[in-house]
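Colleague: Please take a close look at the salt bridges in this model, and say how buried or exposed their partners are. Then go on to whatever else in the chain deserves a note.

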Amino acid sequence: MVTLVEVARHAGVSASTVSYVLSGKRPISDLTRRRVRDSIEQLGYQPHAGARALASSRSRIIALMVPLRTDMYVPVMLEIAVAVATAARAHGYDVLLLTGEEGPSALRRVTGSGLAEAVILMDVQLDDERLPVLRAAGPPAVLVGLPADPAGLDCVDLDFTAAGALCVEHLAGLGHREIAVIGEAPGVYARHTGFAERTLRGLRDRASELGVGLLHRPCDGGHDAVAGVLARVFDERPGVTAFVVQNETAVEPLLALLRRTGRAVPEDVSVVAVCPEPIAAQASVALTSVAIPAQELGRRAVERLVAGLSADTADTADYEPRAHDGVVGIELLTPVLTVRDSSGPPPARAVRS
């Protein structure tokens with residue numbers, strides 16, 4: 001393993017000069033800095049992470065809190081996590097992944113010990129129990145999600161309220177007057193998970209404005225659960241001609257069950273989904289959908305966090321959330337609805353006079 005002394009000897013400078021180049025604590029001439037950097041690259045020197053953290057009071061580690069719950073679609077969560085890790089490395093940070101359910105205690109542990117100097121929180125609930133820790137002089141943090149009260153917090157997310165409204169607008173524009181929503185698992189709503197609640201609010205508000213009937217039913221996903229929900233929907237609202245699905249595990253069971261009951265998509269029933277692009281595009285009937293930009297969310301979360309951390313400040317207590325796109329603290333990505341094969345006008349017999 002190459003040592004700092006060997007780098008200094010190769011560059012023809014003192015060991016302290018190499019240390020100052022790495023830490024940035026003292027001004028070094030451009031010529032000397034380039035010579036030291038060239039020696040580091042040629043020798044393949046890697047600073048000891050623990051020693052560097054002690055010297056600078058910065059670990060260069062971001063803690064990513066991703067509670068991997070059984071009632072959530074894990075691939076989307078992992079896609080965001082991979083995007084966070086990739087973007088973090090591009091900025092010289094490593095990522096510590098926290099997947100347990102410890103909540104505030106895990107947040108205090110990794111930041112109070114200095115193990116991580118900043119945090120990205122996922123699976124944000126409207127009244128998230130982790131938020132008081134952040135507000136009480138907590139670590140620099142960005143939320144991938146939007147709580148009920150985002151004051152003083154730095155957040156990035158898809159505008160799920162607008163996404164729900166967009167689905168209703170599309171179907172109402174085609175002439176549908178009765179829409180059913182197959183939602184996330186019941187536990188997601190019981191926890192008041194932000195993205196699900198905000199989508200539902202957008203759906204309901206826009207349906208009310210347009211005079212469209214809307215029925216929402218949570219669903220655990222899987223064939224049997226979807227079959228039960230579908231039967232109840234048609235019992236309660238036999239005039240339903242369109243579905244909005246926000247549950248990735250319910251997409252294919254729904255399409256299969258509609259076929260089995262003799263309902264063609266989109267001739268008899270239209271289906272619109274809020275889901276990742278590959279699921280919509282590769283479904284047995286290509287789905288009209290609002291995409292979840294998982295990679296973009298992960299990348300922007302890191303960029304917002306890094307923008308608030310001064311590269312030459314050793315104490316992260318100086319962190320301040322920055323303004324993005326003219327909005328301080330909140331960045332909501334505009335949803336985009338892509339029309340595919342699964343949506344069309346309702347059958348003529350269902351159109352009200």
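Modeller: A residue counts here as buried under 20% relative accessible area, as exposed over 50%, and as partly exposed in between. Keep in mind that this is a predicted model.

With those cut-offs, take Arg237 first: its relative accessible area is 27%, so this residue is partly exposed. Its salt-bridge partner is Glu178, and the closest N and O atoms of the two are 3.4 Å apart. The pair links distant parts of the chain, 59 residues apart, with Glu178 in strand β6 (residues 178–182) and Arg237 in the loop between α11 (223–236) and β8 (242–245). Glu178 has a relative accessible area of 17% and is buried. One partner is therefore buried, while the other is partly exposed.

The structure holds 17 salt bridges in total. Another of them is formed by the side chains of Arg69 and Asp123, at 2.5 Å from N to O. Arg69 sits in the loop between β1 (61–65) and α5 (74–90), and Asp123 in the loop between β3 (118–121) and α7 (131–135), so this salt bridge ties together parts 54 residues apart in sequence. Here both Arg69 and Asp123 are buried; for Asp123 the relative accessibility is 6%. The backbone of Asp123 also deserves a note: phi is near 55°, a positive value in a residue other than glycine. Most residues other than glycine have a negative phi.

A third pair is Glu277 with Arg340, whose side chains meet in a salt bridge of 2.4 Å, N to O. Glu277 belongs to helix α13 (residues 277–281) and Arg340 to the segment after β14 (337–338), so the parts that this pair ties together are 63 residues apart in sequence. Glu277, at 32% relative accessibility, is partly exposed, whereas Arg340, at 17%, is buried.

Salt bridges can also share partners. In one network of this kind, Asp154, Glu296, Arg299, Arg300, Glu303, Arg304 and Glu331 are joined. Glu331 is placed in strand β13 (residues 330–333), and its relative accessibility of 8% puts this residue among the buried ones. The side chain of Glu331 has a polar contact of 2.4 Å with the side chain of Arg300 and another, of 3.1 Å, with that of Arg304.

Next, the cysteines. The number of disulfides is zero, a disulfide being a pair of cysteine sulfur atoms within 2.5 Å. For Cys167 the closest cysteine sulfur is that of Cys275, 9.6 Å away, which is too far for a bond. Cys167 is buried, with a relative accessible area of 0%. Cys155 is buried too, at 1%.

The interior has one cavity of 30 Å³ or more in a search of the whole structure. About 310 Å³ of space lies in the largest cavity. Its lining has 22 residues, of which Met72, Val76, Met77, Phe160 and Phe195 are the closest to the centre. Two elements, α5 and α10 (194–210), give two or more residues to this lining; α5 has the largest share, with three residues. By residue type the lining divides into 13 nonpolar, five polar and four charged.

Just ahead of α10, the loop that starts after α9 (186–190) contains Thr193. Thr193 is buried, at 0% relative accessibility. Its C-alpha atom is 9.4 Å from that of Leu146, and the two residues are 47 apart along the chain. His192 lies in the loop between α9 and α10 as well, and is partly exposed at 40% relative accessibility. Like Asp123, His192 has a positive phi of about 55° although it is not a glycine.

One peptide bond should be listed with these backbone features. The bond from Val265 to Pro266 is cis, with omega near 10°, and Pro266 is located in the loop between α12 (251–260) and β9 (270–275). Most peptide bonds are trans.

To return to your request: the salt bridge of Arg69 and Asp123 has two buried partners. Glu178 is buried and its partner Arg237 is partly exposed; likewise, Arg340 is buried and Glu277 is partly exposed.

Technical notes
Residues are numbered from 1 along each chain as its sequence is written. This is a predicted model: local features need pLDDT of at least 70, side-chain atom pairs count only at pLDDT 80 or more; totals for chains, interfaces and linings use all residues. Side-chain values use heavy atoms; hydrogens and water are left out. A salt bridge is a side-chain nitrogen of Lys or Arg within 4 Å of a carboxyl oxygen of Asp or Glu. Helices (H or I, at least four residues) and strands (E, at least two) are DSSP runs, numbered from the N terminus. Buried means under 20% relative accessible area, exposed over 50%, partly exposed in between (1.4 Å probe, protein chains only). A polar contact is a pair of N or O atoms within 3.5 Å; within protein, one must be able to donate a hydrogen and the other to accept it, and residues adjacent in sequence count only if both atoms are side-chain atoms. On a 1 Å grid over the protein atoms alone, a cavity is a set of points where a 1.4 Å probe fits but cannot get out, and a pocket is an open set with protein on both sides within 12 Å along at least five of seven lines; lining residues have an atom within 4 Å of a point. Grid points are joined across faces, edges and corners, and a volume is the space filled by probe spheres set on the points. Ala, Val, Leu, Ile, Met, Phe, Trp, Tyr, Cys and Pro count as nonpolar, Asp, Glu, Lys and Arg as charged, and the others, Gly among them, as polar.
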